[in-house]
Amino acid sequence: MPTAKPPEEATTLDALRRAAASCTGCDLYKRATQTVFGEGNPRASIMLIGEQPGHEEDLAGRPFVGPAGRLLDKALVQAGLDRRHVYITNIVKHFKWKEKEGGKRRIHEKPGRGEIEACRPWFDKELWLVQPEVLVCLGATAAAAILGPAVRVGTARGRALSSPQGIRTFVTVHPSAILRIPEDAERAAEMGRFVADLRRASSRSGKAARPSSPSRRPGSGSSKGAPAR
Ligand code: SF4
């Protein structure tokens with residue numbers, strides 16, 4: 001199966017982002033506008049991980065800038081977090097969509113396992129470069145990609161778990177799931193739980209960017225030997 005192949009020499013997030021812009025590791029690039037790479041503080045203590053870019057992200061080339069992103073921004077503020085201090089990315093970097101209503105609208109289509117696996121090398125290298133203290137999985141796709149297919153948002157939520165790399169990991173809902181709740185009161189309650197999840201994750205991290213410590217940064221393009229923490 002084809003897969004993304006981050007170049008060995010891409011040892012910074014900017015270099016990785018440039019390389020990902022021409023990725024053809026799976027078929028999703030063919031119908032998307034552009035690669036939507038992660039963004040944020042390269043020394044962030046907290047990495048937020050979503051599923052894939054949506055319609056607005058695909059057009060803007062930035063993650064979480066559509067309706068779900070705006071809700072996430074509000075939740076971050078309420079949790080006492082500054083978006084500029086965290087790193088936000090997706091497990092899959094291209095928008096997968098299907099047509100609706102005579103082709104006038106593009107609606108989200110869940111990425112398949114093959115696409116998630118094909119795109120994984122980009123995320124793994126982002127993780128290696130940022131080396132966050134805490135991961136926050138936004139929704140089931142990110143949670144399964146980080147913690148394994150058996151994980152369920154409902155049971156994993158609210159607990160401090162550990163990723164296979166030994167990074168403290170929290171699971172919560174994807175902000176788009178909050179937007180889909182029709183009842184105002186129920187939506188507000190879910191927003192409160194989401195903020196509490198972010199606050200819990202924040203309390204287990206250094207919150208802001210860590211001070212520069214070159215010894216923790218990769219010195220070459222290889223991601224082998226990434227520390228398990
Ligand atoms: S989804 Fe990922 S692997 Fe597939 S083409 Fe886009 S960047 Fe490459």
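So, helix 4: it runs over residues 113-130, and its 18 residues reach 25 Å from first C-alpha to last, close to the 26 Å expected at 1.5 Å a residue. Keep in mind that this is a predicted model.

Now, where does helix 4 kink? At Arg120, by about 40°, shortly before the proline Pro121. And right after the helix ends, Gln131 takes a positive phi of about 50°.

Okay, burial. Helix 4 has a fair list of buried residues: on the N-terminal side of the kink there's Glu115, Ile116, Ala118 and Cys119. Further along you get Trp122 and Phe123, and then the run from Lys125 through Glu126, Leu127, Trp128 and Leu129 to Val130. What's covering them? The cover includes helix 1 (13-20), strand 2 (46-50), strand 3 (87-90) and helix 5 (140-147).

Let's pick strand 2 out of that group. How many of its residues are buried? Five of five. In a regular strand, side chains alternate between the two faces of the sheet. Here, Ile46, Leu48 and Gly50 sit on one side, Met47 and Ile49 on the other, and both faces are covered.

Then the neighbours. Strand 2 pairs with strand 6, residues 134-138, in the parallel sense over four bridges, and Met47 has Leu135 as its bridge partner there. Strand 3 is also joined to strand 2 by four bridges, again running parallel, with Thr89 as the partner of Ile49.

So if you've got the structure open, go to Arg120 for the kink in helix 4, then over to strand 2, which is part of what covers that helix.

Notes
Residues numbered from 1 in each chain as written. Predicted model: local features only at pLDDT ≥ 70, side-chain atom pairs only at ≥ 80, totals over all residues. Helix = DSSP H or I, 4+ residues; strand = E, 2+ residues; numbered from the N terminus. Expected span 1.5 Å × (residues − 1). Bend = angle between axes of the 7 residues up to and from the residue. Buried ≥ 20, exposed ≤ 12 C-beta atoms within 10 Å, placed from the backbone. Contact = placed C-beta atoms within 7 Å. Pairing = 2+ DSSP bridges.
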